Amino acid sequence: MSTQDSQIHSYERDPYLRDLQVDIIRIGEEDGRPFAVLDDTILYPEGGGQPADHGWLDEVRIVDVQRVEQTIRHYLESPLPAGPARLSLDWERRYDHMQQHTAQHVLTAIAADRFGWQTTSFHLGERSCDIEVDAAALSETDLRALEEATMETIQAGLPVGGRRVSPEEYAQLDVRTRGLPEGHCGDIRLVEVQGTDLNTCGGTHVRSTAEIGSIKLLRTEPMRGGTRLHWVAAGRVRRRLAEHESRTDALRGLFETSAEELVSAATTRLDELKDAMRRMRAFESSLIDQAAEGLAARGDGVVEAHFKGMDGAFLQKIARRFADSAGSRIALLTAASDKGNFFVLAAGEDCPIDVGVAGPELAEILGGRGGGSGQFFQGKAGSLEKRGAALAFLQEQLV
Ligand SMILES: [Zn+2]
């Protein structure tokens, strides 16, 4: 059998086929990834917005499938020799892709026929899918109507089928398409959702729209002058609902309220938090003023203060306030909290101590590290046990 592009592979003939006896006709390696080319395949190579299938060749995992130079490469977790092998499909992944992909045909057809929105791109993601439509903004009412109309088509259980037509027949048909690839020759594959959509497509589809089960439009975002529309279909709807339920349960536990009251409870708590933060900042500001004034009222030379439960940022604010009116004095400020031990050295403009020289020595006494420039030096201390020795060291610098 030929392995050329014109070959109709088994995934196209029967997308429900999960196992196939094949021949590995060529093996190779691409950027360290071993791959196999087979005489036929039930695995879909990435294309047209649909991701590559996964599966197994004998016991070896197939992690990617791509069309390369008119052949289909099955990328393997470990190399295999040429010869006969059993090919099996990761059916759960593929069936989900078939459902999402067929849902996209229906959604795109209804968006175009009932609302005049043309689909310009399709993306089948890990968790959700999206299409881009050429409408600048979609109203909530229109979106609800689109979802309803799509659901009606899904529930109608319309047959879905693929076939190949000659270029001559293709020219006679009213096909919805974004255009054939440049240089296309030979038969063209069409996919039809009865009475709803006739489209050029090489992907895999379910037999009936009933197999999609349901679709849920999630949200929209503006995109390049159009709109990106996010949605989920089939089993993803229930999976997503289960995630929402479990998240809502966790939030209900945290806020001790019902699901219906969650948003208002969260809003109230956030308002309370903002208010508390505002009061805390005002309190901190007056504490800084008091501390700086207290230091300024002390005697000459070296002054000091320690703050429990505070951090380096707090000390720096006091240091700046202190330094403005410190004159020839120098202050050693320390703080200890669960974030660690902090120190700041702050000198007045007329202080004879060179902070840039004394700072690193002071940091060494405190078993820590730090940095600074001009009138300030700050850092983290290993411990504050040697705080007395650090003060004595500063006194010595003044003699
Ligand atoms: Zn398709």
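**Briefing: a four-stranded sheet and two helices**

An open sheet of 4 strands, ordered 7-8-13-12, is built with antiparallel pairing. The edge strands, each pairing on one side only, are strand 7 (119-124) and strand 12 (215-223). The model described here is predicted. The points below cover the sheet, then helix 2, then helix 3.

**The sheet**
- Direction ignored, neighbouring strands of this sheet are turned by 20 degrees against each other on average.
- Strand 8 (residues 129-133) and strand 13 (residues 226-233) run antiparallel and are joined by 5 bridges.
- Asp-130 has His-230, in strand 13, as its bridge partner.

**Helix 2 on the sheet**
- Strand 7, strand 8, strand 12 and strand 13 are crossed by helix 2 (residues 91-115).
- Helix 2 runs at about 160 degrees to strand 7.

**Helix 3**
- Helix 3 (residues 140-155) has 16 residues, which at 1.5 Å a residue should span 22 Å; this agrees with its end C-alpha atoms, which are 22 Å apart.
- Leu-146, Thr-150, Thr-153 and Ile-154 are the buried residues of helix 3.
- These buried residues cover an arc of only 100 degrees around the axis, and therefore lie on the same side of helix 3.
- Helix 2 and strand 12 are among the elements that cover the buried residues of helix 3.
- The exposed residues Glu-140, Thr-141, Arg-144, Glu-148 and Glu-152 are carried on the face of helix 3 turned away from its buried side.
- Gly-157, just after helix 3, takes a positive phi of about 60 degrees.

Terms used
Residues numbered from 1 in each chain as written. Predicted model: local features only at pLDDT ≥ 70, side-chain atom pairs only at ≥ 80, totals over all residues. Pairing = 2+ DSSP bridges. Axes fitted to C-alpha atoms, helices over the stretch in contact; angles between N-to-C directions. Contact = placed C-beta atoms within 7 Å. Expected span 1.5 Å × (residues − 1). Buried ≥ 20, exposed ≤ 12 C-beta atoms within 10 Å, placed from the backbone. Arc of directions from axis to C-beta.
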